[in-house]
Protein chains: 2
Amino acid sequence: MQTQSENRCYGGTQGVYSHSSEATGTEMTFGLYLPPDAADGPVPLLWFLSGLTCTHENAMTKAGAQALASEAGIAVCFPDTSPRGDDVADDDAFDLGKGAGFYVNATEEPWHPHYQMWDYVAEELPALLAKEFPIDPDRQAISGHSMGGHGALTLAMGLPGRFRSVSAFAPICNPTESDWGTKQFGAYLGPDRLSWAKHDATMMMRETGLDAPLLIDTGTDDQFADLLKTEALAHAIAERRQEAQIRLQKGYDHSYFFISTFMPDHVAFHAEALWS
Amino acid sequence: MQTQSENRCYGGTQGVYSHSSEATGTEMTFGLYLPPDAADGPVPLLWFLSGLTCTHENAMTKAGAQALASEAGIAVCFPDTSPRGDDVADDDAFDLGKGAGFYVNATEEPWHPHYQMWDYVAEELPALLAKEFPIDPDRQAISGHSMGGHGALTLAMGLPGRFRSVSAFAPICNPTESDWGTKQFGAYLGPDRLSWAKHDATMMMRETGLDAPLLIDTGTDDQFADLLKTEALAHAIAERRQEAQIRLQKGYDHSYFFISTFMPDHVAFHAEALWS
């Protein structure tokens with residue numbers, strides 16, 4: 001693992017690190033914020049998975065997570081959203097290929113060799129963090145935005161017992177019924193829709209639910225509302241009687257201005273679960 | 001004036017606007033955050049001037065000013081750092097030309113026609129804001145980072161009575177004695193050092209001082225410490241018995257992670273002056 005940069009931030013350290021990934025077969029880069037408390041021993045870890053077109057950097061610089069994470073004594077990891085490199089398959093569209101890994105393990109060509117983002121985020125990166133940093137692997141929480149909200153929800157439901165709390169900002173809720181989902185799952189996973197089901201938060205909520213408290217914020221003026229299908233997940237949550245807060249925030253859109261506005265609430269929500 | 005974008009943010013609106021500038025003879029773009037209180041009438045205005053290579057966008061998305069500005073009921077304006085456009089003179093170096101206006105009115109060719117950033121920030125843009133937005137021109141404060149900290153300090157001392165409070169993050173303090181200054185002043189203002197003096201915060205502090213409280217934060221690990229010359233301004237402030245806080249922040253560098261860490265303190269500092 002190589003240190004790309006480390007900056008003092010709210011009394012802790014915002015680092016950027018790269019490493020050779022077995023899962024993706026590429027060099028991967030991630031951001032990790034360590035709060036001041038990490039100097040005294042292992043701290044809980046909050047994952048923040050980013051959306052389409054993002055790298056590890058966008059949320060790290062624009063979401064405003066560090067302020068409250070510092071106070072709450074929580075580390076925050078910002079993974080990349082896809083493999084990178086000249087030999088990694090890509091597409092001209094912004095929502096397929098690089099920057100659009102959708103947190104799945106691709107089974108289809110040309111994506112299969114490197115697009116193994118589920119394994120990377122679910123297994124390889126957590127193991128690396130626990131080995132290299134003062135992180136307590138027994139206290140993890142997860143959040144994300146848009147495609148990353150989809151990632152947070154599906155990882156949390158797909159890995160029971162892993163996360164103590166789960167949240168999402170404007171998540172893609174029902175990708176098997178959305179152009180943000182069918183296109184990518186078709187490419188990465190092939191035409192068999194059975195393989196898609198374990199990557200659809202609404203279907204997973206209907207089938208198995210979530211073993212942790214859940215907070216979702218989505219703006220009423222989100223320009224991608226039709227693609228997110230918040231209503232489908234809200235229906236499934238209510239039907240299941242899942243412990244959850246779904247907040248439709250008046251006038252907010254899909255941007256980082258929306259995310260940063262409600263980030264304090266999300267970090268406080270996770271802090272309560274991680275420290276109880 | 002054209003609206004480029006408006007995003008709901010902390011209950012207010014983060015807007016980006018463009019207009020045809022008489023001062024620069026170009027189209028100029030700026031960011032303006034209006035807090036929720038602006039819906040009920042004019043609010044105070046905090047200027048944030050950015051550093052080398054920045055546009056209006058960097059601080060607007062990465063400095064974290066909106067959270068506390070929303071609470072404090074203060075608007076925040078993020079101007080661009082230079083004129084832009086194909087017919088605007090430029091230089092290959094990152095610290096001259098576009099993104100590096102240094103908040104002066106250039107007298108020399110090829111810079112003179114468009115590089116009139118002092119007039120733009122001191123006169124034209126404030127008049128536009130007062131006309132187009134619910135801003136109270138009698139309650140203004142100013143801050144900035146690096147080259148923008150230099151701008152904040154020199155504008156404040158050059159325009160007595162204009163600002164109720166002044167702050168800066170890692171400002172260029174003594175440009176007439178720094179490679180971040182002599183190069184640019186030589187290009188924009190010519191070889192006569194007399195014309196440079198009214199753009200050097202340390203010289204102005206020695207000569208006239210500041211009619212408002214001042215807060216300066218600079219990191220002890222700032223990678224550009226030798227160029228900033230904080231020690232010269234600190235000396236001048238102490239010698240003058242200027243009301244000021246100069247804080248050397250242990251372990252912090254020159255980045256937006258440093259800025260965002262101390263932004264809450266700066267907005268609170270300005271709020272106290274603007275609302276008293």
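The following exercises, with worked solutions, treat the chain contact and the pockets of a predicted model.

**Exercise 1.** Determine how many residues of each chain take part in the contact between chain A and chain B, and how much area is buried there.

*Solution.* Step 1: count the participants. Chain A contributes 21 residues, and chain B contributes 21 residues. Step 2: take the area. About 1700 Å² is buried between chain A and chain B. Step 3: split this area by atom type. Carbon and sulfur atoms give 56% of the area. Step 4: find the leading contributors on chain A. Arg8(A), Tyr10(A) and Phe257(A) supply 41% of what chain A buries against chain B, more than any other three residues.

**Exercise 2.** Characterise the polar interactions between chain A and chain B by counting salt bridges and residue pairs in polar contact.

*Solution.* Step 1: search for a side-chain nitrogen of Lys or Arg within 4 Å of a carboxyl oxygen of Asp or Glu. Between chain A and chain B, the count of salt bridges is zero. Step 2: turn to polar contacts. There are 14 residue pairs in polar contact between the two chains, both residues being at pLDDT 80 or more.

**Exercise 3.** Identify which secondary-structure elements of chain A each supply at least two residues of the side that touches chain B, and classify the residues of that side.

*Solution.* Step 1: list the elements. They are strand E1 (2–9), helix H1 (57–62) and helix H9 (256–275) of chain A. Step 2: find the largest share. H9(A) provides it, with five residues. Step 3: sort the residues of this side by class. Seven are nonpolar, nine are polar and five are charged.

**Exercise 4.** Describe the largest pocket by its volume, its lining and the elements that supply the lining.

*Solution.* Step 1: state the volume. The largest pocket holds about 990 Å³ of space. Step 2: examine the lining. It consists of 49 residues, and those nearest the centre are Lys62(B), Ala63(B), Gly64(B), Tyr256(B) and Ser260(B). Step 3: assign elements. H1, H2 and H9 of chain A, and likewise H1, H2 and H9 of chain B, each supply at least two lining residues. The largest share, six residues, comes from H9(A). Step 4: classify the lining. It divides into 25 nonpolar, 18 polar and six charged residues.

**Exercise 5.** Give the volume of the second largest pocket and the character of its lining.

*Solution.* Step 1: the volume of the second largest pocket is about 240 Å³. Step 2: its lining has 14 residues, with Leu52(A), Thr53(A), His145(A), Phe224(A) and His254(A) closest to the centre. Step 3: six lining residues are nonpolar, eight are polar and none is charged.

Note on methods
Residues are numbered from 1 along each chain as its sequence is written. Chains are lettered from A and ligands numbered from 1 in the order in which they are written. This is a predicted model: local features need pLDDT of at least 70, side-chain atom pairs count only at pLDDT 80 or more; totals for chains, interfaces and linings use all residues. Side-chain values use heavy atoms; hydrogens and water are left out. Contact means heavy atoms within 4.5 Å. Buried area is the accessible area (1.4 Å probe) that two parts lose on being put together, summed over both. A polar contact is a pair of N or O atoms within 3.5 Å; within protein, one must be able to donate a hydrogen and the other to accept it, and residues adjacent in sequence count only if both atoms are side-chain atoms. Helices (H or I, at least four residues) and strands (E, at least two) are DSSP runs, numbered from the N terminus. Ala, Val, Leu, Ile, Met, Phe, Trp, Tyr, Cys and Pro count as nonpolar, Asp, Glu, Lys and Arg as charged, and the others, Gly among them, as polar. On a 1 Å grid over the protein atoms alone, a cavity is a set of points where a 1.4 Å probe fits but cannot get out, and a pocket is an open set with protein on both sides within 12 Å along at least five of seven lines; lining residues have an atom within 4 Å of a point. Grid points are joined across faces, edges and corners, and a volume is the space filled by probe spheres set on the points.
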